[in-house]
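Here are my comments on the chain you sent, set out as numbered points. Please read them with the structure open beside you.

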Amino acid sequence: MKILVCISKTPDTTSKIAFKDGNAKFDEAGVQWIINPYDEWYALVRAIELKEKDASIVLHLITVGAADCEPIIRKALALGGDEAIRVNATSDDSFYIASQIANIAQQNNYDLIFTGKETIDYNGSAIGGMIAELLNMPYISLAEKFDLNGTTATVKREIEGGEEVAEVSLPLVVSCAKGVAEQRIPNMRGIMAARTKPLKVAEPSAVEALTSVASYELPPAKAGVKMVAADNVAELVRLLHEEAKAI
């Protein structure tokens, strides 16, 4: 069995976000990059757990990005996996990225493809579904539990008002959410091994992006906190009515 896990890099949540060129481009200066947490903590770790139970599983990682993504993919390899593939392209378009991943997946005949439920920068939640459509595979999103028995997967996910359990035969694309696995930290053995694991670079296939970023905008600055004395109820009511418009 062959599993492919999709990995993306995102800014650390503590990084200061800024834009340049008239707010048309994200300013990467001084940004600390990390593996997208949904890809790392859930999709990748669940794939590693499956491999630990079945040593015959071949586990590959893939990312779409320039050479500066390689430290991120090496860290992912330190957690587990046999080899990684970097598609040498940069894009903000979900269809373009999904198409590059689907092209590699089709060439290698993966049985199972994991993605995180979304990235923490764009929150698009689109990649998994697009990959499944491009490969004509079943797709289950927001998996909170994933079990595999032979070639049959049982997936539990939360839906409005309850939970849903689905059974589906491989091949399959799944986006993973909180609960499907527990976060791991790379150990020294994994870090050392990751240095020599194959990291292949593939040139992108010819795909036209469907969207482009016109501009970015920061949210408005938060207003200061106003303190109201505990016995000044009239002032509290006035502020809630006139300024906060809450009553």
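**Notes on the chain and its sheet**

1. I begin with charge: the chain carries 25 positive and 34 negative charges, and the mean positions of these two sets lie 6 Å apart. Please keep in mind throughout that this is a predicted model.

2. As to overall dimensions, the C-alpha atoms occupy a box of roughly 70 × 45 × 40 Å when it is taken along the principal axes. The chain exposes about 14000 Å², of which carbon and sulfur atoms supply 51%. Of its 247 residues, 38% count as buried.

3. The secondary structure amounts to 6 helices and 13 strands. When contacts between residues at least 6 apart in sequence are considered, 71% of them join residues that are at least 24 apart.

4. The element around which I would organise the description is an open sheet of 9 strands with mixed pairing, in which the order runs β11-β10-β9-β12-β8-β1-β6-β7-β13. Its edges are formed by β11 (162-169) and β13 (199-202), and because each of these has a single partner strand, one side of each is left without a neighbour in the sheet. On average, and with direction ignored, neighbouring strands of this sheet are turned by 30 degrees against each other.

5. At the β11 edge, the partner is strand β10 (residues 152-159), which pairs with β11 in the antiparallel sense over 8 bridges. Within this pairing, Thr154 has Glu167 of β11 as its bridge partner.

6. Which strands does helix α2 lie across? Helix α2 (residues 70-79) lies across β6 (58-64), β7 (83-87) and β13, and its direction runs at about 160 degrees to β6. Helix α3 (residues 94-108) also packs on the sheet, where it touches β1 (2-6), β6, β7, β8 (112-116) and β13, while its direction makes about 150 degrees with that of β6.

7. Within β6, one residue that merits a separate look is Thr63, which is found in that strand. Is Thr63 buried or exposed? Its relative accessibility is 4%, and the cut-off for a buried residue is under 20%, so Thr63 counts as buried. Leaving aside residues up to four places away in sequence, Thr63 touches Ile7, Ser8, Cys69, Ile73, Ile85, Arg86 and Val87. Of these contacts, Ile73 falls within the residue range of helix α2, and Ile85, Arg86 and Val87 fall within that of β7.

How values were computed
Residues numbered from 1 in each chain as written. Predicted model: local features only at pLDDT ≥ 70, side-chain atom pairs only at ≥ 80, totals over all residues. Heavy atoms only, no water. Pairing = 2+ DSSP bridges. Helix = DSSP H or I, 4+ residues; strand = E, 2+ residues; numbered from the N terminus. Axes fitted to C-alpha atoms, helices over the stretch in contact; angles between N-to-C directions. Contact = heavy atoms within 4.5 Å. Buried < 20%, exposed > 50% of the residue type's maximum accessible area, 1.4 Å probe, protein only. Areas by Shrake-Rupley, 256 points an atom, 1.4 Å probe, with all protein chains shown as cover. Lys, Arg positive; Asp, Glu negative; His and termini not counted. Charge placed at Lys NZ, Arg CZ, Asp CG, Glu CD.
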